[in-house]
Amino acid sequence: MKRATLILLSSAVMLSACESWNDPANSNRNAGALGGAALGGIIGAATTGGSGRGIAIGTAAGGILGAGIGDVLDRQAADLRNDLGNDAVTVTNTGDSLLVNFPQAILFATGSDSLSSSSYDELRGLAKNLKTYPDTTIEIVGHTDNTGSAGLNFDLSNRRAGAVSRVLVDNGVAGSRITSTGRGEDQPVASNLTPEGRAQNRRVEVIIRPTA
């Protein structure tokens with residue numbers, strides 16, 4: 001308990017010294033700093049037998065690293081919104097990754113895994129951003145509503161994720177950075193009992209994670 005308290009106090013003292021800590025524009029950077037500071041403090045404690053000096057050093061180093069990651073994600077998110085040029089595609093900074101949500105209607109016709117011709121502008125914008133920020137991995141996840149059989153929905157979601165992956169590779173994103181998978185109807189974000197809810201569930205998510 002004493003060690004945990006010291007870690008938290010060290011994090012708070014270090015972060016309160018930042019003049020821009022209360023600036024809402026830096027919320028994701030701040031979240032990264034706090035998480036990094038706490039993790040750094042734990043590592044410092046573990047590697048130095050719980051000494052106060054080790055905790056302080058670990059907290060400082062972790063906070064700096066976490067703040068740096070959060071700041072890069074903030075910048076990439078802002079650039080990505082400009083590169084996509086479509087307000088229907090949302091970009092959410094979760095603090096340790098970016099979640100890009102493509103509603104199915106932007107990319108595919110109902111029941112199809114063939115990308116619409118109009119979707120290529122958004123995907124080229126995404127590819128441009130991913131090449132600008134190369135120190136990331138990309139996970140592409142397809143989702144459907146619960147219309148039809150679960151097996152067909154799972155297969156469709158996989159094929160849609162693969163189609164998005166191929167466009168990114170064709171536009172210069174290294175395939176080694178990308179994984180694609182389908183979740184079918186298993187991870188809804190809204191009720192499948194209404195047309196509006198089903199529309200929200202039909203989507204492709206692109207999760208961008210820093211590698212360093």
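This is a tour of a sheet, a helix packed on it and a loop residue, in the order in which to select them.

The model is predicted: local features need pLDDT of at least 70, side-chain atom pairs count only at pLDDT 80 or more, and totals for chains, interfaces and linings use all residues. Residues are numbered from 1 along each chain as its sequence is written, and side-chain values use heavy atoms, with hydrogens and water left out.

**The sheet.** Select strands S1 to S5; helices (H or I, at least four residues) and strands (E, at least two) are DSSP runs, numbered from the N terminus. They form an open sheet of 5 strands in the order S1-S2-S5-S3-S4, with mixed pairing, where two strands pair if DSSP finds at least two bridges between them. S1 (90-93) and S4 are the edge strands, each pairing on one side only. From one strand to the next the twist averages 20°.

**Strand S3.** Next, select residues 136-143. Of the 8 residues of this strand, 7 are buried, so S3 is largely enclosed by the rest of the structure; buried means under 20% relative accessible area, exposed over 50%, and partly exposed in between (1.4 Å probe, protein chains only). S3 pairs with S5 (residues 203-210) in the antiparallel sense over 8 bridges; glutamate 139 has isoleucine 207 as its bridge partner there. With S4 (residues 178-182), S3 runs parallel, joined by 5 bridges, and isoleucine 140 stands opposite serine 180.

**Strand S2.** Residues 98-103 run antiparallel to S5, with 6 bridges between the two strands. Leucine 98 has isoleucine 208 of S5 as its bridge partner.

**Helix H6.** H6 packs on the sheet and touches S3, S4 and S5 (contact means heavy atoms within 4.5 Å); its direction makes about 160° with that of S4. Axes are lines fitted to C-alpha atoms, for helices over the stretch in contact, and angles run from 0 to 180 degrees between N-to-C directions.

**Arginine 160.** Select this residue in H6 (residues 150-170). Which side chain of opposite charge is nearest to arginine 160? Aspartate 113 is, 7.0 Å away, and arginine 160 is buried with no salt bridge (a side-chain nitrogen of Lys or Arg within 4 Å of a carboxyl oxygen of Asp or Glu). Not counting residues up to four places away in sequence, its contacts include Gln104, Phe108, Asp113 and Val204.

**Leucine 193.** Finish in the loop between S4 and helix H7 (195-201), where leucine 193 lies. Leucine 193 counts as exposed, at 76% relative accessibility. Its C-alpha is 9.4 Å from that of asparagine 146, 47 residues away in sequence.

Notes:
Lys, Arg positive; Asp, Glu negative; His and termini not counted.
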